[in-house]
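The following exercises ask the reader to work through a model step by step. Each task is followed by its solution.

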Amino acid sequence: MTNHWIDIRNADRIMIIGSNAAENHPISFKWVTKAIEQGAKLISVDPRFTRTSSKAHIYAPLRSGTDIAFINGMIKYVLDDMEKNPQSYNMEYVREYTNASFLIDPAFKLPADMNGVFSGYNPKKRSYSKGTWSYQLDSDGIHKKDKTLSHPDCVFQLLKKHVSRYDAQTVCNITGTPADVYNEVCRTFAESGKRGKAGTIMYAMGTTQHTYGTQNIRGYAILQLLLANMGVAGGGINALRGESNVQGSTDHAILFHYLPGYLKCPEEDDVSVDTYSRIKYEGKNKDPRSADWWGNARKYIVSLLKSWYGDKATPENDFAFGYLPKREVGKDYSHISLFETMYDGDIKGMICLGQNPAVGGPNAQKERKALEKLDWLVCADLWETDTANFWRRPKGDDLDDTVDPASIKTEVFLLPAAASMEKEGSITNSGRWSQWRYTAVHPPGRAKSDLWILDRLFKAVSARYKNQGGPIAGAILDMAWDYGTGDEPDVHAVAKEINGYDLNTGKLLPSFGILKADGTTSSGNWLYCASYTEAGNMATRRNGLDPTNIGLYPEWAWCWPVNRRIIYNRASVDMKGRPWDKKHPVIVFKGGASDGKYISRKWIGDVPDGGWYPLMNPDGTLRDDAKYPFIMKPEGHARIFGMGRVDGPLPEHYEPLESPLTKNPMGHATRINPAIKLWHEVRPENNKIGTPDEFPIVGTTYRVTEHWQAGAMTRNLPWLVELMPDVFVEMSVELAAEKGIKNGNKIIVTTARGTLEGIACVTPRFKPFKLNGKSVHQIGIPWHWGYTGLARGSSANCLTPHVGDANTMIPEYKAFLCNVNKKEVV
Amino acid sequence: MDLTRRDFLKLSGVTALIATGLFNLKPLTARAQDLQLRIRYAKQTTTICPYCAVGCGQIVSVSNGKVINIEGDPDHPINQGSLCSKGSALYQVANNERRLDKVKYRAPGGSDWEEKSWNWAIERISSRIKETRDAELSDGRKTNRIDNIAAIGGAALDNEECYLYSKFARALGVVYLEHQARI
Amino acid sequence: MTAELSMLIDVSRCMGCRGCQVACKQWNQHKAEKTRFTGTYQNPPQLSPETWTLIQFIEPVDYDDNPRWLFRKQQCLHCTDAVCAQVCPTGAINKLENGIVYINQGICAGCKACVETCPFHIPKFDHHSGTVRKCWLCLDRVKNGLKPACATVCPTGAIRFGSRAEMLRIARERQQILTNQGFAPRIYGEKELGGQHAMYLLPENASIYGLPENPRKPTEKIIWRWLMGVIPGLAILAGIGSYLLKERSKSEAKTGGE
């Protein structure tokens, strides 16, 4: 989240799209309700009418996978309205804080002119060369801009041209949204563009789990930038994250593509700290008013290496940079790729801490089969999971007809782990608050914390290398790993290591601003530097006062970065440092002024995104020592035109890989995202893709309040099983009538990959979509069930395909083709 | 953070309510049950809900080493004491006969779990990790990268655990490193 | 004098998360029931000795065929004119001055008189204990200054608890707001059955939420016919008269019993 949970109360307009917040983040509705009772309008956009929709002022149905059309139409509405009613928008924000005014290479071409792709596309490689997706620079290397926003090469005009094709009628023919409802959504949300008004977008996996999930979010970002909603209280684009510490696990990089603190993962050609820093981070900007914060990355990677390799990381050995794994350039090691490689027999062992891919992974039957190829599997969990149990999994929908364990050679270790109240440590919520938890009771029997398990395992592996030697043993033996002598590792020592030290004085560092690249500071994760300082463990703070009055609670727990509760908050003030919204100021510049010039610096409110002077003096002159507000971008401006993505600088509508439409309704030849990897072509085995003639119905998956993720944490709890005992399939009254299905009947859902048995939930909350006059049905299935646990049932992921987003490789769980039939009773 | 019962009741706004005299009940007859609060003598500890990432505060009441109650922390600014159905059910994570309490092992081809000791498991796993890693690096490469061990999971772990996991995996040279954030 | 307490269930605020349903089980340490999915999210299907509250899921469509989804928390309404207490032959059902209607499990004989006569079908007979059980508004919590578990846990303020006067004030305020939004809201339980100690703020007709528009006590005649039928035995009958004299309106006891 750019903002945080309590901040939702400050919103005037709330659009929940790609999220079912009332069901999956129910406590968010404490704040949504508060906002509504203060006059906010709630818009719920979802293929089916949910518990969220039940509380909304406007419910807009859309067919799964059509967010881009939906949002591009909203962007078009805003741009058209801006022309007629510029006073209803914050044009200063758009002009000065976004890249709307930047000129793009004249050779750049939009999909309208390129049969559905952007310029630079190579169909053989299914990828883009991004040469034309670049800014025009002047002779000093500064970006050329047109502050009138009228130059045909400027981002604003390119955007306008791009979205001009997304008129409401075209949009509704794609999404299936009733036109009057759609217009009401556009009008209502656009009202948050007025100065002093704020609109927030709450999204979750309904947005990300598409082959163009990143572009869905880009659409939200563009809309929010045009409406001046980024950085302000009650604004932002807010990813509602689904696991209690998925934010923290992401921050600490249990992911292949970066290191803790979002430092890019070194690749084979990064031979030293110097080349890594220079090629990936430095010299990206020549504009003195741009802070280009990532230019500091060298300090962060060196400090990370000092935390990991301690005294063994020296300037002479390049701080042990050589020990870091270097991934193959451009190679994808993400979830789908991992399981495809395992299926091919190339992964021999796997460690799995508290995850259950046998239920949660896409094309789950293939992933379960892949586990058979492992020589060894280590699972640590609170429960016997479906993954740990894969060697006695059911063959099909009959849960008791299992595969033959004797034929599976994998040896499996199942380690009993401690639950949240049985150990001590911090977790980071979706609003980036790191909060400390305490040990209330001992874990049951011989169960141990994952910290203990990791510590023991590392020490045991290390001892083997010490005693027996082995290749590149130094990467392990030189690692600094000392968390006390007690049975349980000292979690505070780990937390302090994450924060980092001044290695000259041995003191904990107060902020990442003073990290150095010379090896005199350490920090295991620069983003968490300031979380555990000489003043104490910030995550334990419980001061319930809110001096800001907008719900920041600055001394309750701690928030990254540097306790900044709303990121990009310098965009919440005008160029002179005065808040756009006087009622909900996030920060205010209170420095001294003399003769029309600011002469001293002081910001009050939230921790500002950099404490520099405002861009403009009271007399309207620009300051040379000021910085643009979007400090994480080299150009200091938020990107409406985003050249960083691999599949296009602006979002274009494509169909899901499996879609009921055989052509792109935008009228060009590019049906699906042209930059996605087609696993069904490169690895056809068990990767079948269905066609609409055989599978005419759109399928989607989702969660319910009463269960959590792959289910082990809820399907084993009798109280929750009582509430939601079985797999069910939601469908419209119309579809049920066509198929002769009655509410409560047992039914079978089939896709090209597999089948699912569930109970029909026939409901007016699902409606067929009218696409250009043609009726398309959609069904939805919660995906929590599996074959292990107190409540068991078919896994919806036996239906979903192996295909991922072009940028993130997040699987397309949310839109696939299926068929539905009543189960014949034999 | 440990709370005394007085703190908890204070957090719950009880002081104000008692002051208004709302809670002077009619004395029950001698037959009536003793209505002592069942968490009266419990030790109370704050925690954060392990389900979604809203980050709701909870108070865990413990008596004789057992969790006897878990409810929302009324002082927590995000949830102010409220919880959803999952958060309200956390008691059954702490008290559940289905919880794993021993190390289990399934031998290759085995048809059931066997119980093992921690020492045995840690030794055996570390041996398998080393043998697998060494096989991958046996080609004399200089880069610490192994493509034959995967490490997944972590969204339910604490930050300190995630950090050590991340660090451990990199020491081994693991690049197939993934977790729930992707899926 | 003890102030009357009440719960206020503001149906317009409920989103059906069922935190209340589990919090009730957790606090009161009730067992889970074995259920099946039957085509609705509602589960268990009805109240039971182990389920003292549940959310009813109602899916009507409006005139334009647009879907709606309504959620109503079912539980004991703690009537002032509590027929259950009036018919209880053993005096196990106490109506406290604060308004809470509470079944003393040590005394309940399991005769089911209350089960059969409650206009809302709330009390349920427990075959294991041989007694009748129902919501007690977490009397143990209330006595110790805490709110009932369900009111504590509710995220959106759909369940509130406090003095009845304060709850009525809030209900009227919300009634006004909903009226301005075009609803025809009703405070259900303000007057019904002498005034309830769990009131609903309903945005529209009670019947759409499965509540009787005009809840009435069964007539005395029906109650007595039923009691005579199911509780044979002179000893018990003899006892009834004396208990009926206790803790309830004398006039009613007279016309009904003697």
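Two strands pair if DSSP finds at least two bridges between them. This criterion is used below for a predicted model.

**Exercise 1. Determine which strands of chain B pair with β3(B), and identify the bridge partner of Ile59(B) in β4(B).**

Solution.

Step 1. Strand β2 of chain B, residues 43-48, pairs with β3(B) in the antiparallel sense over six bridges. Within this pairing, Lys43(B) stands opposite Val62(B).

Step 2. Strand β4 of chain B, residues 66-72, also pairs with β3(B) in the antiparallel sense, over six bridges. Here the bridge partner of Ile59(B) is Glu71(B).

Step 3. The connection between β3(B) and β4(B) is a hairpin with two residues between the strands. In its turn, Asn64(B) has a positive phi of about 50°.

Step 4. Burial can now be added to the picture. Six of the seven residues of β3(B), residues 57-63, are buried, so this strand is largely enclosed by the rest of the structure.

**Exercise 2. Describe how β10(A) is placed between its pairing partners, and state whether its faces are covered or open.**

Solution.

Step 1. Within chain A, five bridges join β10(A) to strand β11, residues 376-381, and the two run parallel. Gly349(A) has Trp376(A) as its bridge partner in β11(A).

Step 2. Across the chain boundary, β10(A), residues 349-353, is joined by four bridges to strand β7 of chain B, residues 146-152, again in a parallel arrangement. Met350(A) has Ala150(B) as its bridge partner, and Ile351(A) stands opposite Ala151(B).

Step 3. Both faces of β10(A) are covered. Gly349(A), Ile351(A) and Leu353(A) are buried on one side, while Met350(A) and Cys352(A) are buried on the other.

Step 4. Five of the five residues of β10(A) are buried, so the strand is largely enclosed by the rest of the structure.

**Exercise 3. State how many residues of chain B and of chain C are in contact with chain A, and give the classes of residue on each side.**

Solution.

Step 1. For chain B, 99 residues are in contact with 130 residues of chain A. The chain B side of this interface has 50 nonpolar, 27 polar and 22 charged residues.

Step 2. For chain C, 26 residues are in contact with 29 residues of chain A. The chain C side comprises ten nonpolar, nine polar and seven charged residues.

Step 3. The predictor's scores for the complex are an ipTM of 0.97 and a pTM of 0.95.

**Exercise 4. Locate the two loop residues Ala228(A) and Phe319(A), and decide whether each is buried or exposed.**

Solution.

Step 1. Ala228(A) is in the loop between α9 (213-226) and β7 (237-239) of chain A. Phe319(A) lies in the loop between α12 (297-309) and α13 (335-343) of chain A.

Step 2. The phi of Ala228(A) is near 55°, a positive value in a residue other than glycine. For Phe319(A), phi is likewise positive and near 55°.

Step 3. The cut-off for a buried residue is 20 or more other C-beta atoms within 10 Å of its own. Ala228(A) is buried because 29 other C-beta atoms lie within 10 Å. Phe319(A) is buried because it has 25 other C-beta atoms within 10 Å.

**Exercise 5. Identify the cis peptide bonds at Pro561(A) and Pro44(C), and place each proline in its loop.**

Solution.

Step 1. Trp560(A) and Pro561(A) are joined by a cis peptide bond with omega of about -10°. Pro561(A) is found in the loop between β19 (558-559) and β20 (587-589) of chain A.

Step 2. The bond from Asn43(C) to Pro44(C) is also cis, with omega near -10°. Pro44(C) is in the loop between α1 (19-28) and β2 (54-58) of chain C.

**Exercise 6. Assess where in chain C the pLDDT is below 50.**

Solution.

Step 1. Chain C averages a pLDDT of 88, and 85% of its residues score at least 70.

Step 2. Over residues 241-258 of chain C the pLDDT is below 50. Beyond near neighbours in sequence, this stretch has 21 contacts in the model.

Step 3. Where pLDDT is low, the predicted coordinates should not be read in detail.

Conventions. Residues numbered from 1 in each chain as written. Chains lettered and ligands numbered in written order. Predicted model: local features only at pLDDT ≥ 70, side-chain atom pairs only at ≥ 80, totals over all residues. pLDDT = per-residue confidence, 0-100. Contact = placed C-beta atoms within 7 Å. Nonpolar A, V, L, I, M, F, W, Y, C, P; charged D, E, K, R; others polar. Buried ≥ 20, exposed ≤ 12 C-beta atoms within 10 Å, placed from the backbone.
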